[in-house]
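Grab a pencil and work through these exercises with the model open beside you. Each task comes with its solution, step by step.

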Amino acid sequence: MILRNKQEESNKNWVSILAKTVKLGIIRSNLIPMFAGFTLALYTYEMSFMEKLPEVIFALLGTALVIGAAGAFNNLYDRDIDAIMERTKQRPTVTGQIKPVIVFLLSVIMSISGIALLALTTWLAAVLAFLGLFFYVVPYTMWSKRRTVYNTEIGSISGAMPPLIGWAAVYPDITHPAIIGLFVVMIIWQMPHFYAIAIRNHKQYETAKIPMLPVVKGVQRTYIQTNVYLVIMIMISFLFGTLSIGLMLVALLLSAGWLTLSVFRYHRVNAEKWATSMFLYSLVHMTVLFSTVIIYSLMGIIFEL
């Protein structure tokens, strides 16, 4: 009985270690926009969900594996700066709970498996997944993160790939204005989101010498740049009008509300409280927008069928 309990505890520890290594939370959050792109393509091209059930399974598993591979490699490469920052110093790659060679092999195996699964949907979905992985590992993690204040912009390209992958898994053409809108929204959304995180963890990034915008240019510059991106998001909302006025209005209201929060709260509270409210709103924005896209698409498929 004692040996069995120890074995169960050991298994739970390994599950926890692997979950932290591949950044399970990020995998979950990125599967929502991927599924939004998938269902939106189904609705746009008038396909039934059951008709594409194998594709959605391959897309979910493949995307999860590729994102997990990117997260594992990021943890492996950033061990030195993760050890400095309070929010990351307990990661298994820092504490030594998992060996670097295991993390590397895990990343390679997950990358190959994920891209192979996505190739079972369409070639474009597999190519997009590879590009997303490449941009996250090389231009972002290995180069820009430690060298330039524009690391967030560079990293946003890979962060915006999930909706494209979902759409491409259904139909290998990503030129429709609606999916372009989702892709660009995902790119722009990441700037206010990560700027807020950077302000909340300003001292940690400064200590680790990571050139985040608030650290290098200051909070005032970050505030102005945040508002510029939010204005762009408001303009992007009109792309959804080519498919649905309802989706356009939801996107428009969410982005306008975000800009309003930014302007009015900035002058009433300190920088950290402003950043916290902006961070929380960013989560609401993403959840509501992509949930609306999924519900709208699925309802459209059901009622049209």
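**Exercise 1: a helix from the inside**

Asn151, Thr152, Glu153, Ile154, Gly155, Ser156, Ser158 and Gly159 of H8 are buried, where buried means under 20% relative accessible area (1.4 Å probe, protein chains only). Before going on: this is a predicted model, where local features need pLDDT of at least 70, side-chain atom pairs count only at pLDDT 80 or more, and totals for chains, interfaces and linings use all residues. Residues are numbered from 1 along each chain as its sequence is written, and side-chain values use heavy atoms, leaving out hydrogens and water.

Task: work out how enclosed helix H8 is, and which helices its buried residues pack against.

Solution. Step one: H8 covers residues 151-159, and 8 of its 9 residues are buried, so the rest of the structure largely encloses it. Step two: look for contacts, meaning heavy atoms within 4.5 Å. The buried residues of H8 pack against H2 (24-44), H7 (123-143), H9 (161-170), H10 (177-200) and H13 (219-236).

**Exercise 2: the whole fold**

Task: describe the secondary structure and the compactness of the protein.

Solution. Step one: count DSSP runs, with helices as H or I of at least four residues and strands as E of at least two; you get 15 helices and 0 strands. Step two: the radius of gyration, taken over C-alpha atoms, is 20 Å, close to the 19 Å from the globule rule (2.2 Å times the number of residues to the power 0.38) for 305 residues, so the protein is as compact as a globular protein of that length. Step three: buried residues make up 52% of the 305.

Technical notes:
Buried means under 20% relative accessible area, exposed over 50%, partly exposed in between (1.4 Å probe, protein chains only).
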